[in-house]
Structure formats: structure tokens, C-alpha cells
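Work through the following exercises with the sequence and the model side by side, and try each task before reading its solution.

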Amino acid sequence: MCGVVGYVGPRKVVGVILEGLRRLEYRGYDSAGMAVHDGSSIRVEKVVGKVSDLASRVEGINLDGTLGVGHTRWATHGGVTGENAHPHRDQDGRFVLVHNGIVENYLDIRDQLESRGVSFYSQTDSEVVVKLLSQIYDGDMLRSLTELGRRLEGSYALVILSKDDPGGFYCVRKGSPLVLGLTEGEGFCASDVPPLLPYTKDVIYLEEGDIAEVRPGSVRIWDKDGRPVERPVHRIDWDVSMAEKDGYPHYMAKEIHEQGTVLRSTLKGRLSESGVDLGDDVHWDGDFLRSLRRINLVACGTSYYACLVAERVLERWTSLDVKVDIASEYRYRDVKIGADTLAVFVSQSGETADTLAAQRKVRSLGGRCLGITNVRGSTLAREVHDLLLLKAGPEIGVAATKTFMGQLGALYLLALKLGWERGDLNPVEASRLAYGLLKLPYEVERVLERDGDVKAAAERFCGYDDFLFLGRGFSYPIALEGALKLKEISYVHAEAYAAGEMKHGPIALLEPNVPVMVVIPKDGLYEKTLSNVQEARARKSPIVAVASDGDDLIDQMADWVIRIPRCEECFSPFISVIPLQQFAYHVAQLRGCEIDQPRNLAKSVTVE
Ligand code: F6R
């Protein structure tokens, strides 16, 4: 959840670290810090606040050095205080480290160290790690880090400076991502690719247990037992502008706007009117596909809502028994996995702890796992049998938008492939659906152009503090996603229900101060949803409807109508989610919220 960076080379390290941290700030933003090695000593500066506060802090200080580490924090152990901010140092000032992850046995280690007279200034597990390293250190860094790895339980990406070694830094990775960047005469590391993009596109993803020594222009890597290993160099096809705001006021605005392009690139090369080709990372044959009886879809948050949409389309296009679950539940349930089950794990980051644990559970039961993620080098991508990449480009805004669009695209490709190749869909129908899917990026772009209408709705309704979102069928997961977007970035209380459930309890909440946002495209359940709108109206709730062009009836029922183009029922989620994302964005902006970095949230949830 935190972001770490490291640099060694000819550049002044302060600028490299601040820039790197800015590009990682989506991972955590309650405090920030850096350590700079000036050739003889290591100076640590840290602040409660954002990277911009750290920049102001170091502005007036002469931090000369070309080797350093940085950290942006999302608090886990201990409150948001200067003491708990990273980097952390040992008692002699010999080692300084930054840490992303959670060390689970830190209290035991802390007790042991305290009984030996070691004192602590913070409540963090990370300070325990650096002080343990200091105790273990026997003059040989590799041996000491190997031993450190044996003693720590939990997850960690560590970047470590040693006062006695002004020529480079060390990394240790278990359970939390760490990427190394390679260029002539320089060495980089970071929790994610964006900080490396201005300097290099050649990266190495450290693997579980790896230890690395990074010096200018050279990297040495060992496995958890200290044996030298080679790790492949990957060429990143993202460019630096993809991680910039590009003139938009917020990343979220830019990312909402990119969704037509994202959907096009998710579908590109994989879909034609004669078939679906999921590419070389999916290794199924016809016998496997025909043998399937069940499919389990597992994810968290927005990715889970994408799976709920997929549940409906898989039920419609295939004969499979479809089950969808939240990863944090699925991992502890007594699920039945057989040779006839395909388990699909959906995670934009590929690092979500619960989704990874659920995937490992299925693997341990002998199940076949497909990962759907946006990050090629992520843990999920490396652990699954088969992989489908979103190709959405980096998503920096904490609230997921364009990756949701990419996930829908990928899941629809999966559903169409299964339906087509198993013979559940007749070829004519399959080809017609493929055509419908291929047209969608253009439809998405048409909806995006209507942002002004949504902004007007946001201006009218931004003063309300409670919302109820309703939808049925394909629109129910979209209501859930719309409510999640609104609450996470504008802090407005928003609950979503299947419209038919409203009278079973939530209707008690309705009154003139609680608007109902209803997703009601002209589909097979339109009339049913309309009855629910009438029920809400009778309780004097203001009604905001996301409704199809040409639907005149809704004008008589709703206080405000946001129009979307008509489309085939099964494709409506691609279209109807957009005004809900835009509504949340504009409400948050009108209420003066921090859109790209909402409070308490982090983009990559690497803890349980
Ligand atoms: C909401 C949001 C989160 C994520 C969830 C899963 O806008 O971003 O709900 O969807 O934390 O993250 P991934 O998809 O990375 O597994």
C-alpha cells in the first residue's frame, strides 16, 4: 500500500526521489520521507503529509547526494505521525530502510529485541525490521539479508541503505511488489513502474524472496537462500505521458476520458466476427473448454462489480454454472473445485492480498486459474496458469474507472469465447455479438461527450449527503459501482440495492433528503424498475434517472434525467457506468474533495 523508491547514479537524488514518489503517491499519501547518502553519512527527512510537503521540507536543506531512498505511506502499524513515517533507522545510524508491506511477527521480534536492550521510537513493524537487521549483521550483507528473510513473516518490499556502502542499495522482496530499472550508469527501484518511465523501459520484477544489490548500471540478484539467480528483463510498452495528467485537472478525469481507447485496446487483436483469440498467455484447448461445467469469478471492490456484470453475461452466453464471490470471503469458504471448474481472478493491480490468497487456495486444490489484470509483472500475473491483460495503461487515480472498462471488455471476451467454442452460442449469434462488442468503443466515446449534462446534474444534487442507487439485471452491478465511486471520492453516503430489494428494508430510508439514483435503460426489466421508481417517488425522494434516449415515460417520473444512448441490454453496463463515474467526479469536485487521493484509501491493497 505504501510506495518505495531507490536511486543510485550521477543525478542529484533528491529530485529523482521526489519525482518518483509523486508518481507513486496513489499508493499512500499520509506521510512521506527520504534518506540521502552523501558519501559519508545518511540524512533522513520525513513529514506528515504529502509528497509536496516533503518537497517543501527539503527545499531549504542542502541534501547533497546521488544515492537515496524514498517512501510515501499508507499507515498500517501506528498512527500518522512523524515518528512512524519512513525511512526508519537502526540505533547506530548504520542502516536506513523503507518498507512496503506488513511484517506479521513484528511484536515477537520487538519483544526479543527489547529484552536485549534495544529501544524503539515508533509503533511500526518497519523500525523492528531495521533494528533486527542491525542485530543480525555480521559484516556480510547478503548473508545478513538472507537471515533477515528467514526471520520475517508477512509481506515486505524493503529498500536498504548502509552507511558503510555509499555505492549502492539493497532490496528484499516478499509478497509486496518491487521493480528494478536498468540504464547505463544508473540503478532504480520502485514499487511500481511509473517512477521508472522517465528513465527506462527495461525493468526486472523481483520474485518472491529475492534479494538484489543495485549499483550504477549493474544489478545482482539472489534467491531467498542466497543463491545467485537471473531474472528476465521486460520491456514496458507504457510511455511516460500515459502516467501524466495530460492537461486534465485530475488523473480520474483523464482516465474516465480514455475509456473508449482502453476498451479498443483490450479488444484489439483478440476479437473478430469469426472468433475470439485470447492470445499466447492463455493455454486452453477445445477439450478443456468443452469439459468445463463451472466458473468461479473472484475479486474485490470495483473488480468484484465487474465480475457481477460478467456473471450475467456468462449465464446468458454459456451453459456454465457461474459463481461470483468477494475474495476476502471466498478464501475462507469451503469451495468445491474440480477439474470441470475454471477460477477467474480479476484485479487491476494484480497485487490485492485477498485476491492472491484466493488464487493460491484454488491452486492448492488443483484448480485451473485465469488472471485478469492490468499489470504484466504483477504477482497475480506471475502466479496464474493463464493470463489476460487489460492493456489499459497505468491507472493513477485511486478510484478505478478505465480499468473497470478494461475488465468488462476482457470478461466479455472470455464469455464470448466460452459460449462460441463450447457451442453454447450458435455461430451466427456469436458473430453478431462479436460485432456488437467491436462497436462498443465508439459508443463509449459518444457517451463521454455528454459529460456536460452529467455535470449539470452534479451541480443540482451535490448538496445531498445520502443517496440510494438502484438497478436491476445488468444495471444492478452498475448501481453498486456508481455508489462506490460516489462514496469513495466525495464521501457522500451512498448505498446500492437491486431495485426489487428496496421494499424489503431500504425503503425506510427514503424521504425528501435522500435522492434515488436509478439506472434504468430500456431493457427487459425496464417496467419492473419503473415500478420501483414510483415507490420511491411516493416517498418524496428526488429521482435522478440514468435512462435511454427516447424514453419519454421517465420524464414524468424523474426529477432529473441523464440520457444515455440506446444499446443492446447485455452491453448496457459499458455505457451506463460512464455517467455514474462522471457524476461522482463532479460531485467530489464541487464538494472540494481530493479526487485522485481520497482519504484512507490506497490504490493497491496489499494487506488483508
Ligand atoms: C474502487 C477501487 C477498489 C479496487 C479494489 C480491488 O475504485 O479501486 O475497490 O477495485 O481495491 O483492487 P484490484 O482491482 O487492484 O484488485
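**Exercise 1.** Is Gly167 buried, exposed or partly exposed?

*Solution.* This is a predicted model, and the first step is to place the residue, which belongs to strand β8, spanning residues 165–174. The second step is to compare its accessibility with the cut-offs: buried means under 20% relative accessible area and exposed means over 50%. Because the relative accessible area of Gly167 is 27%, this glycine is partly exposed. The third step is to list what covers it: leaving aside residues up to four places away in sequence, Gly167 touches Val8, Leu67, Val214, Arg215 and Pro216. With Val214, which lies 47 residues away along the chain, the C-alpha separation is 8.7 Å.

**Exercise 2.** Determine which residues of helix α7 are buried, and on which side of the helix they lie.

*Solution.* Helix α7 runs over residues 259–267, and its buried residues are Gln259, Gly260, Val262, Leu263, Thr266 and Leu267. They cover an arc of only 165° around the axis, so they sit on the same side of α7. The general background is that an α-helix has 3.6 residues a turn, so residues three or four places apart point the same way. The next step is to find the partners: the buried residues of α7 pack against α6 (251–257), β16 (271–272), α13 (402–421), α14 (427–448) and α19 (572–590). Just after α7, Gly269 adopts a positive phi of about 75°.

**Exercise 3.** Locate Asp246 and Lys540, and decide whether each is buried or exposed.

*Solution.* Asp246 is found in the loop between β15 (234–235) and α6, and its phi is near 55°, a positive value in a residue other than glycine. Since its relative accessible area is 55%, Asp246 is exposed. Lys540 belongs to the loop between α17 (526–538) and β26 (543–548), and here phi is near 65°, again positive in a residue other than glycine. Lys540 counts as exposed because its relative accessibility is 61%.

**Exercise 4.** Assess whether the radius of gyration of the protein chain agrees or disagrees with that of a compact globule.

*Solution.* For 608 residues, a compact globule would have a radius of gyration near 25 Å, and the protein chain has 25 Å, so the two agree. Along its principal axes, the C-alpha trace spans about 75 × 55 × 45 Å. Buried residues account for 62% of the 608 residues. Finally, of the contacts between residues at least 6 apart in sequence, 70% join residues at least 24 apart.

Conventions: Residues numbered from 1 in each chain as written. Predicted model: local features only at pLDDT ≥ 70, side-chain atom pairs only at ≥ 80, totals over all residues. Heavy atoms only, no water. Rg over C-alpha atoms; globule rule 2.2 N^0.38 Å. Buried < 20%, exposed > 50% of the residue type's maximum accessible area, 1.4 Å probe, protein only. Contact = heavy atoms within 4.5 Å. Helix = DSSP H or I, 4+ residues; strand = E, 2+ residues; numbered from the N terminus. Arc of directions from axis to C-beta.
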